[in-house]
Amino acid sequence: MYSRELEAQVLAALQESPAVALLGPRQVGKTTLALALAQTLAHSLAHPRDHVYLDLESPADQAKLAHHHGGLLNAAQFARNLGVDGKTVAGHIDLLVDLMLVRRLAPWHNNAGKRLVRTPKVYVRDSGVLHALLGINDKETLLSHPVVGASWETWVIENLLATAPRDCQAFFYRSANGAEIDLLVQRPDGERWVIEVKRSRSPKLERGFHAACDDVQPTHKWVAYPGTERYRLGEDAWAVSLPELTRGLRTLQV
């Protein structure tokens, strides 16, 4: 293959950035150049598997980026899927977080006596990008896809956090025995809102939510669901629409 002038520029760019995109019209040699660069890197780096080539037109490669959406961050599994080591995965995740493409939601832990999950969750922040990565092109396909619940959860969380006061911190809660809260929003003064996300129009709270609330001791308990009516769930929890909850979270006056 003829050497390309861009090859040196891309190699130089890779020394400064963990990811470099090749953009241009079709059939100008982007894939050929990328594969050649991958081969060059494999023979020149001390750790030849510390790089990965992704074809974003390949459904298989697209799915790699979205496969763990909404789950606990498993860097080892990511590394196996992509053929790189864990440190490389951590660097890629850091970059995607900095670019605001991925949200890394931290676990809440304030009880040394509890066995709590301490691994963050990862979300593709834009549900449209998530759907594109998974090849979901219409509503019918989305509704029949296993990711529909996680997609709704992400859309709710991103809208809520976009309107929350800037001094708020966001977490999720999960214990080893199954107690779980989708979103915990905490103010500096210790005020805590717990928010469960349900796609059902007639949501019900499970035992794990109540057990988690016993640990967290929240100030407010909410269930965000796709309906429009506000009604009580149990003694101190309310089911509310996403628009109402975003308005209330903005002013903390729900």
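In this predicted model, the side chain of T163 places a polar atom 3.3 Å from the backbone oxygen of N159. The T163 side chain also reaches the backbone oxygen of L160, at 3.1 Å. T163 belongs to helix α8. The relative accessible area of T163 is 19%. Because the cut-off for a buried residue is under 20%, T163 counts as buried. Leaving aside residues up to four places away in sequence, T163 touches T246, L249 and R250.

Helix α8 spans residues 148-163 and gives residues to the largest nonpolar core. That core has 22 residues. Those touching the most other members are V156, L160, L183, V185, I195 and L245. Two or more core residues come from each of α8 (148-163), β4 (180-186), β5 (192-197), β6 (220-225) and α10 (242-251). Of these, α8 gives the most, with five residues. In soluble globular proteins, nonpolar side chains tend to be buried together.

I195 is one of the core residues that touch the most other members. Residues up to four places away in sequence are again not counted. On that basis, I195 touches L160, I181, D182, L183, V185, W222, A224 and L245. L160 thus appears twice in this description: its backbone oxygen is reached by the T163 side chain, and L160 is touched by I195.

A second core is separate from the first. This second core holds 18 residues, including F171, A179, Y225 and L233.

Definitions and conventions
Residues are numbered from 1 along each chain as its sequence is written. This is a predicted model: local features need pLDDT of at least 70, side-chain atom pairs count only at pLDDT 80 or more; totals for chains, interfaces and linings use all residues. Side-chain values use heavy atoms; hydrogens and water are left out. A nonpolar core is a set of buried Ala, Val, Leu, Ile, Met, Phe, Trp, Tyr and Cys residues joined through side-chain atoms within 4.5 Å. Buried means under 20% relative accessible area, exposed over 50%, partly exposed in between (1.4 Å probe, protein chains only). Helices (H or I, at least four residues) and strands (E, at least two) are DSSP runs, numbered from the N terminus. Contact means heavy atoms within 4.5 Å. A polar contact is a pair of N or O atoms within 3.5 Å; within protein, one must be able to donate a hydrogen and the other to accept it, and residues adjacent in sequence count only if both atoms are side-chain atoms.
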